[in-house]
Amino acid sequence: MSHHLCIRRAGLVAPKLQHRSSYQTSRTPALITLSIRNHTQQATQKSSWTHPVYTQEQILSVRVAHKNANSLPDKLALGTVRFLRWSMDLVTGYRSSAAGLSRTNAMTEKKWITRFIFLESVAGVPGMVAGMLRHLKSLRQMKRDYGWIETLLEEAYNERMHLLTFLNLTEPSRSMRLMVLGSQCVFFSGFSIAYLLSPRICHRFVGYLEEEAVITYSKAIQDLDSGLLPKWENLQAPPMAIKYWDMPEGRRCMRSLLLYVRADEAKHRDVNHTLGGLDQDVDKNPFSAKFREQVGRVEGVVGERVKV
Ligand SMILES: [Fe+2]
Ligand SMILES: [Fe+2]
């Protein structure tokens with residue numbers, strides 16, 4: 001049976017195209033062109049990972065929290081995060097507004113965005129590495145993964161959406177791009193090796209990293225509320241953010257955007273602290289839609305609440 005006949009029987013014959021797609025070349029068959037165009041249209045309508053819609057109550061209930069590091073591996077994870085936090089403060093020129101700084105040293109809108117971009121460019125790595133390594137392990141060992149991969153890849157996608165959102169608000173400098181490139185080379189390699197050696201410590205490490213992310217966004221919100229960031233007071237969230245988080249009318253300002261991003265970070269924190277406490281080989285992912293019912297409610301992930 002010829003290829004053309006197969007297509008006709010499957011009812012996939014393309015109607016005559018009225019316009020040339022930007023993807024079309026002189027050698028592109030019409031059917032492929034239509035398929036690409038339909039796919040592109042769908043892609044602009046809906047993302048592959050639709051973000052769950054947060055209620056106002058949910059985004060306002062997020063608190064800074066810390067899980068105590070009791071074991072040696074937990075202390076190692078926490079120590080590494082604290083070192084990275086110190087390095088990032090240096091790179092992004094971060095100064096806490098609580099330190100009684102002069103106006104010239106205080107965090108400005110530009111400095112906050114620089115910090116967010118650097119933070120998000122790093123935060124998008126662990127989920128992708130962990131998801132990829134678990135995927136390869138599943139293939140290699142010919143065993144099921146029990147729902148971990150989807151959560152990890154979704155986290156990486158979510159972090160990239162944070163990055164892309166903030167890129168709508170500034171143009172990163174060449175030195176910033178260079179720093180992101182350098183840190184990605186080091187962090188991707190280091191995290192990959194660490195995850196192969198001890199995925200459990202790595203999830204704990206990400207849990208602590210996300211604790212820091214919640215602190216960062218909480219402090220930015222605090223600065224905004226204190227009138228230290230006047231340019232953001234009437235700034236609207238970028239359209240892609242409004243669409244991604246399904247931000248309701250009247251709650252599409254910069255403050256709301258920070259609340260949405262912070263809620264995501266709190267979720268990553270709780271997810272990774274939970275995954276860090278599970279048996280990496282046999283436990284089911286309690287956050288997977290498929291296994292949530294079987295595993296039951298996830299409770300008491302993060303111990304004490306801490307004030308910013
Ligand atoms: Fe993020
Ligand atoms: Fe995060």
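**Exercise 1.** In this predicted model, decide whether Glu210 counts as buried or exposed.

*Solution.* Start by locating the residue: Glu210 sits in helix H8, which spans residues 199–225. Next, count its surroundings: there are 26 C-beta neighbours inside 10 Å. The cut-off for a buried residue is 20 or more, so Glu210 is buried. Finally, look at who is there: leaving out residues up to four places away in sequence, Glu210 touches Glu265, His268, Arg269 and Asn272.

**Exercise 2.** Now try Glu159: which helix holds this residue, and is Glu159 buried or exposed?

*Solution.* Glu159 belongs to helix H6. Within 10 Å lie 26 other C-beta atoms, so Glu159 is buried. Beyond residues up to four places away in sequence, its contacts are Glu120, Ala123, Gly124 and Gly127.

**Exercise 3.** Find out which residues the UniProt annotation "binding site" covers, and what their largest C-alpha distance is.

*Solution.* The unreviewed UniProt entry gives this annotation to Glu159, Glu210, Glu265 and His268. In sequence they are spread over 110 residues, yet in space they cluster, with a largest C-alpha distance of 11.0 Å.

**Exercise 4.** Describe how helices H6 and H10 pack: what is the angle, and how far apart are the axes?

*Solution.* Take H6 as residues 148–167 and H10 as residues 254–275; their axes are 11 Å apart, at an angle of about 155 degrees. Because this angle is over 145, H6 is roughly antiparallel to H10. The crossing is left-handed. On the H6 side, Thr151, Glu155, Asn158 and His162 make the contact, and on the H10 side Val261, Asp264, His268 and Val271 do. Sorted by character, the contact residues are two nonpolar, four polar and two charged.

Key
Residues are numbered from 1 along each chain as its sequence is written. Chains are lettered from A and ligands numbered from 1 in the order in which they are written. This is a predicted model: local features need pLDDT of at least 70, side-chain atom pairs count only at pLDDT 80 or more; totals for chains, interfaces and linings use all residues. Axes are lines fitted to C-alpha atoms, for helices over the stretch in contact, and angles run from 0 to 180 degrees between N-to-C directions. Helices (H or I, at least four residues) and strands (E, at least two) are DSSP runs, numbered from the N terminus. Angles under 35 degrees count as roughly parallel, over 145 as roughly antiparallel, 65 to 115 as roughly perpendicular and the rest as oblique. A crossing is left-handed if the near helix is turned anticlockwise from the far one by less than a right angle, and right-handed if clockwise. Two residues are in contact if their C-beta atoms, placed from the backbone, lie within 7 Å. Ala, Val, Leu, Ile, Met, Phe, Trp, Tyr, Cys and Pro count as nonpolar, Asp, Glu, Lys and Arg as charged, and the others, Gly among them, as polar. UniProt positions are given in the numbering used here, feature names are shortened, and annotations may be inferred rather than shown by experiment. A residue is buried if 20 or more other C-beta atoms lie within 10 Å of its own, exposed if 12 or fewer, and partly exposed in between; C-beta atoms are placed from the backbone.
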